[in-house]
Amino acid sequence: MDIDAWVWWLVGAVGLGIPLVMTAMPEFGMLAVGAVAAAVVAALGGGVAAQTIVFAAVSVALIAVVRPIAARHRSQRPQLASGVDALKGRSAVVLERVDASGGRIKLAGEVWSARPLDSGQSFEAGQQVDVVEIDGATAVVM
């Protein structure tokens, strides 16, 4: 039984897709796309040299173009903070006295337990405070 070259290229693409999924290294995916492009050339009747050149060209082009773009996006901080990160830096209103032993504030429409950043500080009910960080379920304020 003789298998066409395009089938071998697709087998190679699947073979490159497995380490992509296992290691999350996008370079394997780019090589797999190159193998699919070579399979298309083989299915259209291109010779072994054309298949190899297309595989190499597509793979190198993807790695040269997509990889730097992906690296740049990975290194940038997200523009939109969510969860507790979105609460840092926001203002809150003290509901119950906040001192080293605790207290309550209203933050983003919710009641939070709070403690001051400096344990010697205290804030009275009605005062505005700024949230420095969230420590578990407690807002650290100043």
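## Strand pairing

Two strands count as a pair if DSSP finds at least two bridges between them. With that in hand, take β1 and β2 in this predicted model: 4 bridges join the two strands, which run antiparallel. One residue pair to look up is Glu96 and its bridge partner in β2, Arg104. β1 covers residues 91-99, while β2 covers residues 102-107. Getting from β1 to β2 takes a hairpin with 2 residues as the link.

β1 also pairs with β4, which spans residues 128-135. Here the count is 3 bridges, and the two strands again run antiparallel. For a concrete example, start at Ser91 and go to Asp130, its bridge partner in β4. A general point to keep in mind while looking at these strands: in a regular strand, side chains alternate between the two faces of the sheet.

## The annotated domain

What does UniProt have to say about residues 84-141? An unreviewed entry there lists this stretch as "domain: NfeD-like C-terminal". In the model, the stretch comes out as 59% strand and 0% helix. Its end C-alpha atoms sit 14 Å apart.

## Trp9 and helix α1

Now over to the helices. Trp9 belongs to helix α1, and its relative accessible area is 18%, so it falls under the 20% cut-off and counts as buried. Who does Trp9 touch, leaving aside neighbours within four places in sequence? The contacts are Ala35, Ala38, Ala39, Ala42, Gln51, Thr52 and Phe55.

For a sense of scale, compare Trp9 with Gln128: they are 119 residues apart in sequence, and their C-alpha atoms are 65 Å apart in space.

## A nonpolar surface patch

Leu10 is in helix α1 too, but this residue is partly exposed because its relative accessible area is 34%, between the 20% and 50% limits. Leu10 is also one of the members of a nonpolar surface patch, along with Trp6, Val36, Val40 and Leu44. Together they offer about 460 Å² of accessible area.

Which helices feed this patch? α1 (5-23) and α2 (26-43) each supply at least two of its residues.

## Ser59 in helix α3

Helix α3 runs over residues 48-75 and holds Ser59. Is Ser59 buried or exposed? It's buried, because its relative accessibility is 3%, and the cut-off for buried is under 20%. Not counting residues up to four places away in sequence, Ser59 touches Met30, Leu31 and Gly34.

Definitions and conventions: Residues numbered from 1 in each chain as written. Predicted model: local features only at pLDDT ≥ 70, side-chain atom pairs only at ≥ 80, totals over all residues. Heavy atoms only, no water. Buried < 20%, exposed > 50% of the residue type's maximum accessible area, 1.4 Å probe, protein only. Contact = heavy atoms within 4.5 Å. UniProt positions renumbered as here; feature names shortened; annotations may be inferred. Patch = residues over 30% accessible without salt bridge, like charges linked within 9 Å, V, L, I, M, F, W, Y side chains within 5 Å. Areas by Shrake-Rupley, 256 points an atom, 1.4 Å probe, with all protein chains shown as cover. Salt bridge = Lys/Arg side-chain N within 4 Å of Asp/Glu carboxyl O.
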